[in-house]
Amino acid sequence: MQRYPAKLLLFGEHVLLLGASALAVPVPGFALEPVMGRPRLEHNDLHRKLLRFAESPELGSVKSMDRKSLITDLENGLFFRSDIPSGYGLGSSGALCASIYDLYSKEKTGDLGELKAVFAVMESFFHGSSSGIDPLTSYLAKPLLIRNKTEVSVAEIKPRESEPVIFLLDTGLPRQTGPLVQWFLEQSKRPAFLTDLNEQLLPAHESMVQAWLDASDAHFWAALDRVSAFQFSHFDPMIPDIMRPLWKKSLETPDFSLKICGAGGGGFMLGFAGNRETAMAETAGFSIIFPFSRNEAGSTAGHDQHDRI
């Protein structure tokens, strides 16, 4: 059966809420796969939740969804094998929604706006609200560019001979998205903070996104450094204390840079380096993941392998 990749919001954390550009990319190093067979005993709670989802008004509102076949298959042993870390902002529920739509929608649409709206309704079962971006990224398995909060298109990224190595750094701490989003929105109402956002962060952020799309590495690193420095000085609740010494070090060397991943505050932080060796050397003592190759997810000496259900 087909595998549905995890998703990573590469650029756009929090400032997406203000209409800034964002780039969501599929992460093939982690994926969800539907499997027919008898579920293992430890999957019983998840199996019951899947049945509730199949019978939910959220899924029922999706036209052309063959819920009867989904329920029958679940009762006959359908389950979803996944190594996407749950609660880390990599879109585990989004991949699930993508797979169910792909398998059980009898009339699929190719319109990105319509797909996004369908997926937003489906995923709201799991989160209460959803933009639909996570499942859309998993479903298409293509990078998506989001502008002005709602304008979505398949991103056109110029080819490059090599690109910065992306890694995920595990803080080992739980994350609470809601309070951090609320903090950001409240801070954005303060004149001084809003001025700093408009004059410092947003221009650097837009330059960073455009440089990535243009494959302009020199401009990308310069903009990323400005974004990282701003987040370090202004987004204190999003950067755990355990991360601050390493983050400060990253601001003092050109070898690697860090930025918030998703809501921040815990879970993963996002890192960029010139190569794998540099990334591993600079983050010694932390667990990191190289997510863009399934065979490379995880790492070697001093770093834990991640393979969560």
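Surface patches are made of residues with over 30% relative accessible area and no salt bridge, with like charges joined within 9 Å and nonpolar side chains (Val, Leu, Ile, Met, Phe, Trp, Tyr) joined within 5 Å. The model is predicted, so local features need pLDDT of at least 70 and side-chain atom pairs count only at pLDDT 80 or more, while totals for chains, interfaces and linings use all residues. Residues are numbered from 1 along each chain as its sequence is written, and side-chain values use heavy atoms, with hydrogens and water left out.

**Exercise 1.** Find the nonpolar surface patch that contains L103, and classify L103 by accessibility.

Step 1. The patch consists of M1, M36 and L103, which together have about 310 Å² of accessible area (Shrake-Rupley method, 1.4 Å probe; for residues, only the protein chains shown count as cover).
Step 2. L103 belongs to helix 4, residues 92-104 (helices are DSSP runs of H or I with at least four residues, strands are runs of E with at least two, and both are numbered from the N terminus).
Step 3. L103 is partly exposed because its relative accessibility is 37% (buried is under 20%, exposed over 50%, partly exposed in between; 1.4 Å probe, protein chains only).

**Exercise 2.** Determine which residues of helix 10 are buried and what they pack against.

Step 1. In helix 10 (residues 244-251), the buried residues are R244, L246, W247 and S250.
Step 2. They lie on the same side of helix 10, because their arc around the axis is only 160° (taken from the directions from the helix axis to the C-beta atoms).
Step 3. Their packing partners are strand 6 (165-170), helix 9 (217-234), strand 7 (256-260), strand 8 (268-273) and helix 11 (276-282).

**Exercise 3.** Analyse the salt bridges of D134 and of D45.

Step 1. A salt bridge requires a side-chain nitrogen of Lys or Arg within 4 Å of a carboxyl oxygen of Asp or Glu; nine are counted by this rule.
Step 2. D134 pairs with K7 at 3.3 Å, N to O. Since D134 sits in helix 6 (residues 133-140) and K7 in strand 1 (residues 4-11), the pair ties together parts that are 127 residues apart in sequence.
Step 3. D134 is buried at 18% relative accessibility, and K7 is buried at 7%.
Step 4. D45 pairs with R48 at 2.2 Å, N to O. The two are three residues apart in helix 1 (residues 44-54), so about one helical turn separates them.
Step 5. D45 is exposed at 55% relative accessibility, whereas R48 is partly exposed at 44%.

Technical notes: Contact = heavy atoms within 4.5 Å.
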